[in-house]
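User: I would like to go through the labels given to this model and see what each one rests on. Please set the values against the cut-offs.

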Amino acid sequence: MSPVANELELAEPHLGGVLSAAGLDAEYVRAAGNTLYLRGADGQEIPVLDFAGGFGSLMLGHNNPEITAYTKSLLDAQVPVHSQFSRHPCANRVAQQLNAILQRELDDDEPYFAIFANSGAEAIEVAVKHAEFERSGRLAALAEEVAAHVESARAAVREGAALAPTEAGARLEAARRAGDAEGFEGLLAALARENAERLARSPLFLTLEGSFHGKLASSVQLTHNESFRLPFKALAAQARFVPRDRPEAVKEIIEEERATVFDLSVEGDTVTVTERDFPIFGAFLLEPVQGEGGVRVITEEFARAIQDACAAIDCPIVVDEIQSGMGRTGAFLASSLIGLRGDYYTLAKSLGGGLAKVSVTLVRRPRYRQDFELVHSSTFAKDSFSSHIALKVLEIMEAEDGRIYRMARERGTKLVTTLEALRADFPDVIKDVRGKGLMLGLEFHDQSTSESPAIQGVSQAGFLGYTVAGFALREHRIRLFPTGSAFNTLRLQPSVYLSDEEIARLDAALRDVCGVLREQDGERLTGG
Ligand SMILES: Cc1ncc(COP(=O)(O)O)c(C/N=C/c2cc(O)cc(-c3ccccn3)n2)c1O
């Protein structure tokens with residue numbers, strides 16, 4: 001290898017620089033439970049208490065002993081990892097187990113078919129592609145129906161039928177004139193041209209302000225954060241972002257964006273031009289608890305408004321449980337706690353037990369299009385290694401009548417109580433405590449007008465959360481991160497094995513942070 005390449009930092013060096021600026025560029029050499037270990041100058045391991053929790057992928061902790069032992073047994077047994085295009089009974093058992101859990105939590109026995117992938121964003125891409133596959137089938141059926149109506153109208157006009165004067169008829173007549181074609185055939189040519197243009201429009205997706213659904217080409221257009229989304233706007237179908245605090249906006253936006261095609265009907269010797277809605281919306285996607293958007297819990301009222309508005313236009317709902325699912329909020333599905341029912345569910349992160357990369361998109365049977373299986377695939381998806389691990393994870397989650405979910409509720413209550421006590425003691429520093437179960441957010445007041453130039457500077461740069469994280473790592477050996485789109489909010493997503501001692505350590509560290517911010521001690525906060 002050339003000596004130059006040997007010296008260069010070649011794997012995302014700029015990100016490394018950003019992390020280094022915040023004092024977060026640690027190298028971890030081991031992990032277990034809620035602890036990561038870095039190596040000190042003397043070569044000794046230094047434990048770091050991890051509240052980032054793999055951004056939600058470590059419900060069962062780092063290197064969970066039961067899962068690592070099981071993984072070793074899979075390797076020892078030489079389980080075939082890549083046996084694509086063969087029977088995958090283990091993947092099917094994962095799908096069956098997921099269905100059993102959904103049926104329990106949703107109290108409904110309608111099956112969901114499973115399409116496996118390798119990451120959360122890929123599961124979203126699968127949902128978006130399948131929804132488009134379903135929508136394009138509906139568009140084809142509509143086009144066929146209109147074509148049949150056109151033939152009936154053509155025959156009726158030949159028999160002397162006349163056009164009824166309607167507003168839609170006037171609009172179609174204007175299109176005919178613009179197309180410079182004569183008579184009824186000219187009108188039909190205008191109808192065909194107009195409808196072809198309208199049906200060829202890209203689908204429009206609906207999601208919430210503050211949403212995060214991934215950073216791949218389609219999924220990033222469903223992620224609200226403009227710095228993630230806008231550079232790639234030209235790549236994929238767009239979304240409308242619904243304000244989180246206005247459930248009534250769902251219907252308003254649907255009304256604004258509704259799309260129609262011309263149609264014809266014949267009654268006796270009268271032909272009538274009408275305009276009828278066609279499905280322009282690909283799907284409505286939402287997280288029951290927004291992670292990236294600052295740990296915001298969607299209310300039952302909002303869920304109902306979305307459910308009703310989507311049912312009225314037969315728009316599928318994709319419930320993104322990639323971060324909120326897998327028991328993190330105290331139920332397998334966070335959405336089951338707010339009465340939200342999805343046509344699709346996406347799961348990832350903790351499904352792989354902190355070791356395997358696996359995600360799954362579940363599609364409710366009435367919407368499922370089996371031909372999708374023949375046009376979508378991925379080399380590593382549905383591999384038996386990941387499927388075995390996912391099955392083991394679900395077995396652990398469901399053991400002892402859902403002990404893990406009870407632990408998530410009990411540990412989450414203990415943790416949120418600690419955070420609320422902190423806020424009560426530092427109301428000038430802590431603005432809000434949010435979340436559910438072990439998916440919690442701690443929001444700091446804005447410090448952009450701090451009297452400390454250092455604190456003012458990092459706040460105005462949107463770096464307060466990262467600076468606090470750097471302080472916690474340096475001074476307290478605790479790993480924290482702000483959410484990617486709400487920089488003053490720290491997300492806390494430890495494993496269910498969180499101990500009282502670890503909560504107490506976090507409390508002490510956060511009280512120290514609050515003291516530093518109250519005293520406006522920029523020097524200490526930034527380690528300057
Ligand atoms: C609801 C939801 N839907 C799809 C995805 C995409 O999943 P993948 O990351 O597996 O592609 C995520 C994944 N979340 C990623 C994430 C969530 C988060 O809260 C922070 C960070 C993150 C990552 C790196 C640096 C800083 N922050 N990453 C998600 O939370």
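Analyst: The turns below take up cysteines and then the ligand; the model is a predicted one.

User: How many disulfides does a search of the whole structure find?

Analyst: The search finds zero.

User: Why is Cys-310 not counted as bonded to Cys-315?

Analyst: A disulfide needs two cysteine sulfur atoms within 2.5 Å. The closest cysteine sulfur to that of Cys-310 belongs to Cys-315 and is 4.3 Å away, so the pair is too far apart for a bond. Cys-315 is likewise in no disulfide, its nearest cysteine sulfur being that of Cys-310.

User: What makes Cys-310 and Cys-315 buried?

Analyst: The label applies under 20% relative accessible area. Cys-310 has 1%, so it is buried. Cys-315 has 4%, so it is buried too.

User: How do you know which atoms make polar contacts with the ligand?

Analyst: The cut-off is a pair of N or O atoms within 3.5 Å. An N or O atom in the side chain of Glu-292 is 2.7 Å from a ligand oxygen, so this pair qualifies. Backbone N or O atoms of Gly-120 and of Ala-121 each lie 2.9 Å from an oxygen atom of the ligand, and therefore these pairs qualify as well. The protein covers 77% of the 630 Å² of accessible area that the ligand has on its own.

User: Where does the ligand sit, and how many residues surround it?

Analyst: The ligand is in the largest pocket. Around it are 14 residues, with Asp-320, Gln-323 and Arg-491 among the closest. This shell consists of five charged, five polar and four nonpolar residues.

Notes
Residues numbered from 1 in each chain as written. Predicted model: local features only at pLDDT ≥ 70, side-chain atom pairs only at ≥ 80, totals over all residues. Heavy atoms only, no water. Buried < 20%, exposed > 50% of the residue type's maximum accessible area, 1.4 Å probe, protein only. Near = heavy atom within 4 Å. Polar contact = N/O pair within 3.5 Å; in protein donor to acceptor, adjacent residues only side chain to side chain. Areas by Shrake-Rupley, 256 points an atom, 1.4 Å probe, with all protein chains shown as cover. 1 Å grid on protein atoms, 1.4 Å probe; cavity = no way out; pocket = protein on both sides within 12 Å on 5 of 7 lines; lining within 4 Å. Sits in = over half its atoms within 2 Å of the grid points. Nonpolar A, V, L, I, M, F, W, Y, C, P; charged D, E, K, R; others polar.
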